[in-house]
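Biologist: Please take me through a close look at one helix and whatever connects to it. I would like to follow the details residue by residue.

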Amino acid sequence: MIDAMSKRFILVPSILSADFLKLGDAIQECLDAGIDWFQLDVMDGEYVPNISFGIPIVEACRRATEAYLDVHLMINEPERYLAMFADAGADSLTIHVESTRHPHAVLGKIRELGLSSGLALNPGTPLSAIENLMHLADLILVMTVNPGFAGQAFIENSPRKVRQARTMLDQAGLAAHVQVDGGITPQTAKSCYEAGADVFVAASAIFQHPQGIRAGIKAMRDALTLRQA
Ligand code: DX5
């Protein structure tokens, strides 16, 4: 049974580190472990120095599950593709504030499409860059690595930025999620939770866990649940 305490955080596997030949099995294993939110990391080789996957994988995940599909767009000018990702079955679209000249308009468009809106900022981007945009976002993603690759080391001063983000939201009377992504392990998740994050994305720590996916999910949940006790 999921109690009220464990609802205070949301654990989000990023399929970036899954075995794509067995993606359906990996998703099912997460679902069996109680996961109801996945992140799909779309990279274009321009905004970030890597290419991952695009719309067909979002469609395939949508066929595999009714879970919440959080599509993290690491692409230049994401406004070109919002409707296509919506049609593919995304529940939310997160854009990077650095990836478009018109983040205000793009966030509005995401909501017009009926999706939840996410706004990400890179480690080098100050929170002042999103101050006039926060009210248009259902989720603020504080990147805890430079985006592009799974398996990178967590940037150590990230919890400070998470705390600043949560404070800015509180002071503005906004209740958006604060999501962290990159190098999230049981240990780093705890420090981000204490700083005010409530949504934790992990790729390697779940899909590359030496004892398997279920063990990776359990380790993360145990760390966050103990922290709340
Ligand atoms: C951006 C990606 C990664 C990935 C997380 O590069 O968004 O942050 O999902 O990968 P891990 O959990 O392996 O750092």
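**A helix and its neighbours**

Modeller: Let's begin where α1 ends: the helix is followed by Gly-34, which has a positive phi, near 95 degrees. Helices (H or I, at least four residues) and strands (E, at least two) are DSSP runs numbered from the N terminus. Bear in mind that this is a predicted model, in which local features need pLDDT of at least 70 and side-chain atom pairs pLDDT 80 or more, while totals for chains, interfaces and linings use all residues. Residues are numbered from 1 along each chain as written, and side-chain values use heavy atoms, without hydrogens or water.

Now for α1 itself, which spans residues 23-32 and has Leu-23, Ala-26, Ile-27 and Cys-30 as its buried residues (buried is under 20% relative accessible area, exposed over 50%, partly exposed in between; 1.4 Å probe, protein chains only). Looking down the axis of α1, you will find these buried residues within an arc of 95 degrees, so they line one face of the helix; the arc is taken over directions from the axis to the C-beta atoms. The spacing fits a general rule: an α-helix has 3.6 residues a turn, so residues three or four places apart point the same way.

Step back from α1 into the loop that leads to it from β1 (10-13), and you meet Phe-20. Phe-20 forms an edge-to-face aromatic pair with Phe-53, at 5.8 Å centre to centre and 75 degrees between the planes (ring centres within 6.5 Å, with Trp counted by its six-membered ring; under 30 degrees is stacked, over 60 edge-to-face, the rest tilted). Phe-53 sits in the loop between β2 and α2 (55-64), so the pair ties together parts that are 33 residues apart in sequence. Phe-20 is partly exposed at 40% relative accessible area, whereas Phe-53 is buried at 9%.

The loop holding Phe-53 brings us to α2, where Ile-55, Val-58 and Cys-61 are buried. Down the axis of α2, its buried residues fall within an arc of 120 degrees, so here too they line one face of the helix. Pro-56 and Arg-63 are exposed on the other side of α2.

On the strands, Trp-37 and Tyr-68 have ring centres 4.5 Å apart and planes at 55 degrees, so this pair is tilted. Trp-37 belongs to β2 and Tyr-68 to β3, so to speak a link between distant parts of the chain, 31 residues apart. Trp-37 is buried at 7% relative accessibility, while Tyr-68 is partly exposed at 24%. In total, the structure holds three aromatic pairs.

These strands also lead to the ligand: β2 (37-43) and β3 (68-74) each supply at least two residues of the shell around it. That shell has 19 residues, the closest being Asp-41, Gly-148, Asp-181, Gly-183 and Ser-204 (a heavy atom within 4 Å). Ligand oxygen atoms lie 2.6 Å from a backbone N or O atom of Gly-148, 2.7 Å from a polar side-chain atom of Asp-181 and 2.7 Å from a polar backbone atom of Gly-183.

Definitions and conventions
Polar contact = N/O pair within 3.5 Å; in protein donor to acceptor, adjacent residues only side chain to side chain.
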